[in-house]
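Have your viewer open and a selection box ready. We will go stop by stop, and at each one I will say what to select and what is there.

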Amino acid sequence: MPREIITLQVGQCGNQIGTEFWSKLCSEHGISKSGSFNEVAESSPGIDRKDVFFYQADDNHYIPRALLLDLEPRVINGIKNSDHKRLFNNENMYVSQQGGGAGNNWASGYSQGASVENEIMDMIDREADGSDSLEGFVMCHSIAGGTGSGLGSYILEALGDRYGKKLVQTYSIFPNQNEISDVVVQPYNSLLTLKRLILNSDSVVVLDNTALNRIAEEKMKIDNPTFSHTNSLVSSVMAASTTTLRYPGYMNNDLVSLVASLVPTPRCHFLMTGYTPLSSYAHGLNATRKTTVLDVMRRLLQAKNIMVSSNIREQEFEESKYISILNVIQGNVDAFQVHKSLQRIREKRLINFIDWGPANIQVVVSRKSPYVQTSHRVSGMMLANNTCIRHLFKSCLSHYDKLMRRKAFLDQYEKYDMFRVCFIIFPYII
């Protein structure tokens, strides 16, 4: 029996990433943009578990188990007018009647979430009741804006109250630390959201815009990466991290087993990720090369392939220590190749593990989708718990301190009485 997962897309960033994610899942399962089977899929035997992320309507077309939530209508209206307009259930789309958004203010997003809690939770309850064996929730959002951070924080708390025994995993987009943001209160929003991610989620996959832009420039050879390029990177990670759920093997067939192997203690649940190979056809360059299991696993361990830069220098990354590692290898791979690759990595001492835990890499081999043709024989995705994530938190806290020292822009938050105390206690929580 499949363990269903409900996806929550919150805010502009969350909905844009979510749309890319569903587009990728549809192509990997042979589902058209309207939700029906394409000709190739109809002639192929069913070797996948579509029911984890999709359910069938009365006319047999597939509908994602997804909720699209936003406080301003632009992005969701764009989805309604796109090629995927027939894919999603319109009853699972929520746009605030005011339509003004959260104004990049965490407090506004959080308070609006409290006012519309019943509507949103009714949608979640309806999806949960339609599942045979609900495993948990996956949320896509940004921590820097107003809706993804504020409304997302409120939903995390509400899920903890109502579905306390269900797993909650988030794909959280962290702001670019190297550029001056248009959102001047971004440090406040980030820290207020981090508190909820610490307390109300079981696993947080951290994706840093700084690293995503760098990877797009260096690996994909894109001179000026746009949000569509970085969203494509994030959707690739999301699809790869769920491939063992959708194309099950003999282990790690559910979300709980994936998370349990990576999180040693409840609050130590912020994970880094990497993906390789990334093809580029820019400037007429074809990046196809011979890929082996050892090559893929070695590249996943390199700092330049990690999607969390956290201002990491090579030396800092080498001095940091891994707590746990999970590699998902896709392609025609046998156990001997995996064992030989792990042996080579140990011999060369490419990984520095913590002293108080087991020093091992967990490897899951997954089948590739028969509906998608790729130029690479083997691809890999890594989820890792690494101590260097502290640099990203340190950077967020440093930006917060600079604003807080001057008490800049606090008036935008202090008009919401219930949030005044947050700024006093938050540095101690971090």
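## First stop: a buried isoleucine

Select Ile 76, which lies in helix α3, residues 74-80. Keep in mind throughout that this is a predicted model. Is Ile 76 buried or exposed? Its relative accessibility is 0%, so Ile 76 counts as buried.

Now show what surrounds this side chain. Leaving aside residues up to four places away in sequence, Ile 76 touches Asn 15, Leu 68, Leu 69, Asp 70, Met 93, Tyr 94 and Val 95. Add Gln 12 to the view as well: Gln 12 is 64 residues from Ile 76 along the chain, yet the two C-alpha atoms are separated by 8.3 Å.

## Zoom out

Switch to a cartoon of the whole protein. You should be able to step through 17 helices and twelve strands. Of the 430 residues, 57% count as buried. Among contacts with a separation of 6 or more, 82% are between residues 24 or more positions apart.

## The largest pocket

Next, turn on a pocket surface if your viewer has one. The largest pocket holds about 980 Å³ of space. To centre the view, select Ser 142, Ala 144, Val 183, Asn 209 and Phe 227, the closest to the pocket centre of the 37 residues that line it.

Colour the elements next. Those giving two or more residues to this lining are α1 (11-28), α6 (147-162), β7 (167-174), α8 (209-218) and α9 (227-241). Which element supplies the largest share of the lining of the largest pocket? That is α1, with five residues. Colouring by class gives twelve nonpolar, 20 polar and five charged residues in the lining of the largest pocket.

## The second largest pocket

Keep α1 and α9 coloured, as each also supplies at least two residues of the lining of the second largest pocket. This second pocket has about 730 Å³ of space. Select Lys 24, Ser 236, Tyr 275, Val 372 and Thr 374: of the 28 lining residues, these are the closest to its centre.

Here the largest share of the lining comes from α9, which gives six residues. By class, the lining of the second largest pocket divides into ten nonpolar, 13 polar and five charged residues.

## Two enclosed spaces

How many cavities of 30 Å³ or more does a search of the whole structure find? It finds two.

For the largest cavity, begin at Thr 244, in helix α10, residues 243-246. With 2% relative accessibility, Thr 244 counts as buried. Its contacts, not counting residues up to four places away in sequence, are Asn 252, Asn 253, Leu 258, Val 328, Val 364 and Ser 366.

Thr 244 is also one of the residues lining the largest cavity, together with Tyr 247, Gly 249, Tyr 250, Met 251, Val 363, Val 364, Val 365 and Ser 366. The volume of this cavity is about 50 Å³. β11 gives the most to its lining, with four residues. The lining of the largest cavity has six nonpolar, three polar and no charged residues.

Now move to the second largest cavity, with about 40 Å³ of space. Select Gly 113, Glu 117, Ile 120, Met 121, Leu 151, Tyr 154, Ile 155 and Ala 158, which line it. Both α5 (117-129) and α6 supply at least two of these residues, and α6 gives the most, with four. The lining of the second largest cavity divides into six nonpolar residues, one polar and one charged.

## Last stop: a helix with two faces

Finish by selecting α14, residues 335-348. Its 14 residues reach 20 Å from first C-alpha to last, close to the 20 Å expected at 1.5 Å a residue.

Highlight Val 338, Ser 341, Leu 342 and Ile 345, which are buried in α14. Why do these residues share one side of α14? They cover an arc of only 100 degrees around the axis, and so they sit on the same side of the helix. Rotate to the face turned away from that buried side to find the exposed residues Phe 336, His 339 and Glu 347.

Turn back and bring in the packing partners: the buried residues of α14 pack against α12 (293-300) and β11 (361-366). Just past the helix, select Arg 349, which follows α14 and has a positive phi, near 55 degrees.

Terms used. Residues numbered from 1 in each chain as written. Predicted model: local features only at pLDDT ≥ 70, side-chain atom pairs only at ≥ 80, totals over all residues. Heavy atoms only, no water. Expected span 1.5 Å × (residues − 1). Buried < 20%, exposed > 50% of the residue type's maximum accessible area, 1.4 Å probe, protein only. Arc of directions from axis to C-beta. Contact = heavy atoms within 4.5 Å. 1 Å grid on protein atoms, 1.4 Å probe; cavity = no way out; pocket = protein on both sides within 12 Å on 5 of 7 lines; lining within 4 Å. Points joined across faces, edges and corners; volume = space filled by probe spheres on them. Nonpolar A, V, L, I, M, F, W, Y, C, P; charged D, E, K, R; others polar.
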